Amino acid sequence: MKTILIVDDIFENLYILRVILERANFIVVEAKDGKDALEKLHKNSVDLIISDILMPVMDGYMFCQACKKDELFKNIPFVFYTSTYTEKSDEDFALKLGAAHFLIKPTDSDKILQLIQNLLTLVKSPVKPKENAQFTEKEVLKLYSKRLISKLEQKNLDLEKEIFEREKIEQKLINENAVLDLIANNTPIKKVFDHIIINCESLHPEFFGSISLLQEDGIHLDLISAPNIPKPYNLAVNRVKIGENVGSCGTAAFIKKPVIVSDISTDLLWVEYKDIALKHNLKSCWSVPILSEENNVLGTFAIYSKAIKTPSLEDIRELNSAVSLAKIAIVKFNIMAEVKKRDESYKSLVNQASDAILTYSFDGTIHALNKATYDILGYTKNEFLKLKFQDVIVGDIIESPEIHKKILNRKSVIFERQLICKNETLIEAEISARLQKDGKILAIVRDITERRKAELELKRAKEFSESLINSMQSGLSVIDSDSKHIHVNPALCEMTGYSKKELLGISPPFPYWPEEYYDEINEIVEKTLLGIYKGGETVFKRKNGERFPVEVTISRVKNEEGADVAFFASIDDISVKVKAREELNKTLREVSDLKSQLEQENIYLRNELDLVFNYEEMVYGSEAFSNVLTEVEKVAPTNATVLLLGESGTGKELLARAIHNIGLRNNKPLIKVNCSAIPRELLESELFGHKKGSFTGAVNDKIGKFELADGGTLFLDEIGELPLDMQPKILRFLQEGEIEVVGGTDLKKLDVRVIAATNRNLKEEIEKKQFREDLYFRLNVFPIEIPPLRKRKDDIPLLIEHFLNKFNKAYGKNIKYISDDSMNQLKAYHWPGNIRELENLIERSSILSTSETLLIPGFESKNQKSILPINSKNLSFDLAQRNHIIQVLEQCNWRISGPNGAAILLDLKLSTLRDKMAKLNIAKPQ
């Protein structure tokens, strides 16, 4: 490996060069200046030097001269790499010092590596160096000082320009902060817009600004602010309809892009408004749409000028800055409008509530109230506002010191009081109260008079039903409208082991509810109350912890007005019923397993039939291809890796699909990957998948082809095109059965059968070092050589017949004949493109042929009179064969394989018999 010394006083430059060189397998030595570099040269064997020029202590020129004077280092190729010395004189001086090359930053990494390779090659085959002009250290220092002074002068000019720009930016920031203060203080939007425009015009007195807003209808722009544009013009464009040719603003809002009109008098966008604009000496107009984060148009910001003018980049930047401020103002204005709208909606909602809602102080002052507050008590709003809280409540406002203390601590409290109506009747009320930050108490008052009556009625009903409930065999649980247990019968106590005392007065969850069934029981209760269920089955627990299944039925108790006042649940222990059901389910599962077994056997039998008769997609009659199918049958039921070898167009993919379809993995997918069609940089992600953020553009997780094929088959077509750096990853999977996702940290174990195919000679590729030998051995477990069409001459007539039938249907033709001479030529042809070439030729011939005889370009017959039917067969011989084979098949019950199969009786190979059955159209009767 070659060693390269890189010299630069800037860390970032060193880092970038080091990364480029180390990726190219160079050893890198770093130095921060010329002096440091000379020390590194004495300690390391260096093959090439790359140095910056402007550095402290010893600059690049001096370092180069020192190297060329030293016998040890003068023959080391020296390359200057600089961003400060970029003039031709700098390069000439560097080359005269003896540098081999002069590069200006930044330079493409490929160009740098190519230059290094060229220089290192020249070192291997040295050419006598030409004598360079010798410079003294004084001359080098003098030239360096001269160039440094020039650079410093330029730096001074740049600094002055930077100061001017910074002052300009500071003023711009002051203006922007003033606008932001206006926005923060909820200043009216027109005043904010005026301020933005005046700030912009103060920087450019020759400009006049305007801001328009898009109305809710989405098609009209209303002018909001244009403080220094003539009022008659503003009135003329006060409202415009957006469109494709509606001046600068209307068009910008329509297309959502800036519109620059340098000359209003000639631009077609201004046909309608040109006269009024020119009348007020407005000659150019640039408009930028103000867009929301969702890319919706909010309005437009326009700049007018009294001169024909095109904006500079600086003008556009400043205009965009002003647009950003306008956008902030619009968004803030819209938010405030929405808040106001929601506040009004909230007030409306409170006013429509059926419960009384009010705020009051401890002294009884009522500050705010909703309509229900005075309606419940029978007052009008004006009457109620004259009252204090103690006027409508029985007793003192503060009756309980404990509740008073909780309110002062800002805790929510609920208590019951009686309220006095206007007609002096009393109502029972439940009050929920809490102290607010403003020192007022927010109270929600609910009339519970009817609820109290219902509870009283329920109490009376309980007395009549007590004996009936106690005599029930089922457990009974009764809860009131507050969800408290108000009654349980002895059967429930006996069932659960809890006493009546332990159960009464408690709220859910009840102690006989198992913790793990809380959600299920609550769902039954809630859906029963909503009318969805009438009950359901769940699990309860006894006091000793034993779980037992129950069936719960829930019913309602209503008062005379039909309102719910209580709910009771009937609970039955169904342990015996559940046990019987489990035994039934067990029996049903056994039946289901037997059914599934029969279905699997049925699928197996269908697969056996497919193995015999499912080669209809392949057209063949030759023994060569029949032998290929025999090998396919042998390897398909295994999980062995298969390597399909054959020229392009020989049907490798079709055979891969056949191996999958008749194999054990046919209920899982066959995933196909063309290794030559996927870009090199995407291939690893495509095969193994990637994690979100693992590289630029990886916005989501992606599952690779290997993982998609888990449990099934992966077909790697054109495996010979696989890049060398990807081959070890494929080899790893074939050896270990595991992959690593790009950007992932864990290994994934997968069960994938691999079928590979190539038209290349992999042994030759191994010799060329373009394919790994160990990967070849892993793939070459079961190679299948697929013969080219030139070795399947007997299949050509069958293939022509197949393709012609296909294209007759596709193009509405009725071609029946082909000349004997043309057929002979087709058989004699070499067919470099194999079956694909033959198919394309027949398709083209079908299109060109206008009669019933197939005319094949390049294979024309000299004597078209000698023609053969494309479907011709020797009827007497074929018919005899067909009848004989059918007779033997019927004798063997249509079994073709095995000791009692038709192949044994006919003394034919299994594949040969299958070929003849396909050729003679013999199929088992349905």
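Trainee: What makes β4 (residues 78-82) and β5 a parallel pair?

Mentor: Four bridges join β4 to β5, and the two run parallel. Strands pair if DSSP finds at least two bridges between them, so four bridges qualify. One bridge links Thr82 to Ile104 in β5. Strands here are DSSP runs of E, at least two residues, and helices are runs of H or I, at least four residues, numbered from the N terminus. This is a predicted model, in which local features need pLDDT of at least 70. Residues are numbered from 1 along each chain as its sequence is written.

Trainee: Which strands are called edge strands?

Mentor: The sheet is open, has five strands and follows the order β2-β1-β3-β4-β5 with parallel pairing. β2 (27-31) and β5 (101-104) are the edge strands, as each pairs on one side only. From one strand to the next, the twist averages 20°; axes are lines fitted to C-alpha atoms, and angles run from 0 to 180 degrees between N-to-C directions.

Trainee: Why is Asn893 called exposed?

Mentor: Buried means under 20% relative accessible area, exposed over 50%, partly exposed in between (1.4 Å probe, protein chains only). Asn893 has 64%, so Asn893 is exposed.

Trainee: Why does Asn295 count as partly exposed?

Mentor: Its relative accessibility is 39%, so Asn295 falls between the two cut-offs. Asn295 sits in the loop between β10 (284-291) and β11 (297-305).

Trainee: What is said of phi in Asn295?

Mentor: Phi of Asn295 is near 65°, a positive value in a residue other than glycine. Most residues other than glycine have a negative phi.

Note on methods: This is a predicted model: local features need pLDDT of at least 70, side-chain atom pairs count only at pLDDT 80 or more; totals for chains, interfaces and linings use all residues. Side-chain values use heavy atoms; hydrogens and water are left out.
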